[in-house]
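Hi everyone, thanks for making time for this. I'd like to walk you through one model, so let me put it up on the screen.

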Amino acid sequence: MTDAFTSDAPPPRELLRRAGTFAAARLIIFIAKLLTGVRAVWSGTAPVADQTLYFANHSSHGDFVLLWATLPPDLRSLTRPVAGQDYWLASKARRFIGQDVFNALMIRRDGSGDGPNPVDQMVQALQSGDSLIMFPEGTRNTGEEVMLPLKSGLFHIARACPQVRLVPVWIENLKRVLPKGQLIPVPLACSVRYGAPIALAEGEDKAAFLARAQQAMLDLRPEHDKEEASAS
């Protein structure tokens, strides 16, 4: 008989932690879908297990939750959101959700020289085999602009990790579901639209690549969003 104290089975505390993490993940997915009716729209690509960097527009702290929730379970387990440590490490509850449930890659967003460089962190995670969710605008877009200018990180990652699929994503309506300063969500259907992968072309400079990456996201907007933007 195998001694319980020398077996390879995880200790009870670890089993409890894993069970709590699994239950929290299922609850978060259920709540996200209940509140937003979110659905995935795959156009020009398909959910495949190849290593991928999903880059999306950013207007809410809930963005990566919706993107992560719409991935198939087998891809979800391989994909880490890139998250601001100032927000996700601010409390025990957020820390548990960010670190244990999402296995997020925590980065500094304040531009200080303290700690590792965020782009280097993302490159290292990709080189170790992770897939990532990132927001190349660098911060939440809380204004009236359709998008903020893209930061240079996506270009440097594309150059350092040419083996990684770069999939543009457009998250629709979450800014209206969770408007800034409001605690109660507004019932409104959301969609997460995945586009055809792009790649850094030989000799392509930073400005050209970032403009093309931004346009790849903008092209995923539904027609009514494009019409609203052109009318304003």
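Let's go straight to the aromatic pairs: there are 8 of them, and please keep in mind that this is a predicted model. The one to look at now is Trp42 with Tyr194, a stacked pair at 3.8 Å centre to centre, with 5 degrees between the planes. Trp42 belongs to strand E1 (residues 39–42) and Tyr194 to strand E7 (residues 191–194), so this pair ties together parts that are 152 residues apart in sequence. Are the two rings buried or exposed? Trp42 has a relative accessibility of 26%, so it counts as partly exposed. Tyr194 sits at 0%, and therefore counts as buried.

Now for a pair with another geometry. Phe64 and Phe102 are edge-to-face, with 5.0 Å centre to centre and 90 degrees between the planes. Phe64 comes from helix H2 (residues 63–70), while Phe102 is in the loop between helix H5 (92–101) and strand E4 (105–107), so here the parts tied together are 38 residues apart in sequence. Both Phe64 and Phe102 are buried.

Which residues make up the aromatic cluster around here? Phe64 and Phe102 are joined by Trp68, Tyr87 and Trp88 in one cluster. Two arginines come in over rings of that group. Arg76 lies over the face of Trp68, 5.5 Å from the ring centre, and Arg94 lies over the face of Tyr87, at 3.9 Å from the ring centre.

While we're in that loop, have a look at Asn103, which is also between H5 and E4. Most residues other than glycine have a negative phi. Asn103 is not a glycine, and yet its phi is positive, at about 50 degrees. With a relative accessible area of 42%, Asn103 is partly exposed.

On to the strands. Strand E5 (residues 131–134) has Ser131 and Ile133 pointing one way and Leu132 and Met134 the other way, and all of them are buried. That fits a general pattern: in a regular strand the side chains alternate between the two faces of the sheet. Which strands does E5 pair with? One partner is strand E2 (residues 52–56), parallel to E5 over 3 bridges, where Leu53 has Leu132 as its bridge partner. Another is strand E3 (residues 79–84), also running parallel to E5 and joined to it by 3 bridges. There, Thr79 stands opposite Ser131.

Next, a residue in helix H1 (residues 12–36), namely Ala32. Its relative accessibility is 8%, so Ala32 counts as buried. What does Ala32 touch, leaving aside its neighbours within four places in sequence? The contacts are Gly37, Val38, Val65 and Leu66. For a sense of the fold around it, Ala32 and Thr70 are 38 residues apart in sequence, with their C-alpha atoms 9.8 Å apart in space.

Last stop, helix H9, which covers residues 206–218. How far apart should its ends be? At 1.5 Å a residue, 13 residues should span 18 Å, and the end C-alpha atoms are indeed 18 Å apart, so expectation and model agree. The N-terminal end of H9 is capped by Asp205, with a side-chain oxygen 3.4 Å from the backbone nitrogen of Ala207. As for burial, the buried residues of H9 are Phe209, Leu210, Ala213, Ala216, Met217 and Leu218. It helps to remember that an α-helix has 3.6 residues a turn, so residues three or four places apart point the same way.

That's my tour, thanks for listening!

Methods. Residues are numbered from 1 along each chain as its sequence is written. This is a predicted model: local features need pLDDT of at least 70, side-chain atom pairs count only at pLDDT 80 or more; totals for chains, interfaces and linings use all residues. Side-chain values use heavy atoms; hydrogens and water are left out. Helices (H or I, at least four residues) and strands (E, at least two) are DSSP runs, numbered from the N terminus. The expected span of a helix is 1.5 Å times one less than its number of residues. Buried means under 20% relative accessible area, exposed over 50%, partly exposed in between (1.4 Å probe, protein chains only). A polar contact is a pair of N or O atoms within 3.5 Å; within protein, one must be able to donate a hydrogen and the other to accept it, and residues adjacent in sequence count only if both atoms are side-chain atoms. Contact means heavy atoms within 4.5 Å. Two strands pair if DSSP finds at least two bridges between them. Rings of Phe, Tyr and Trp (its six-membered ring) pair if their centres lie within 6.5 Å; planes under 30 degrees apart count as stacked, over 60 as edge-to-face and the rest as tilted. A charge sits over a ring if NZ of Lys or CZ of Arg is within 6 Å of the ring centre and within 35 degrees of the ring normal.
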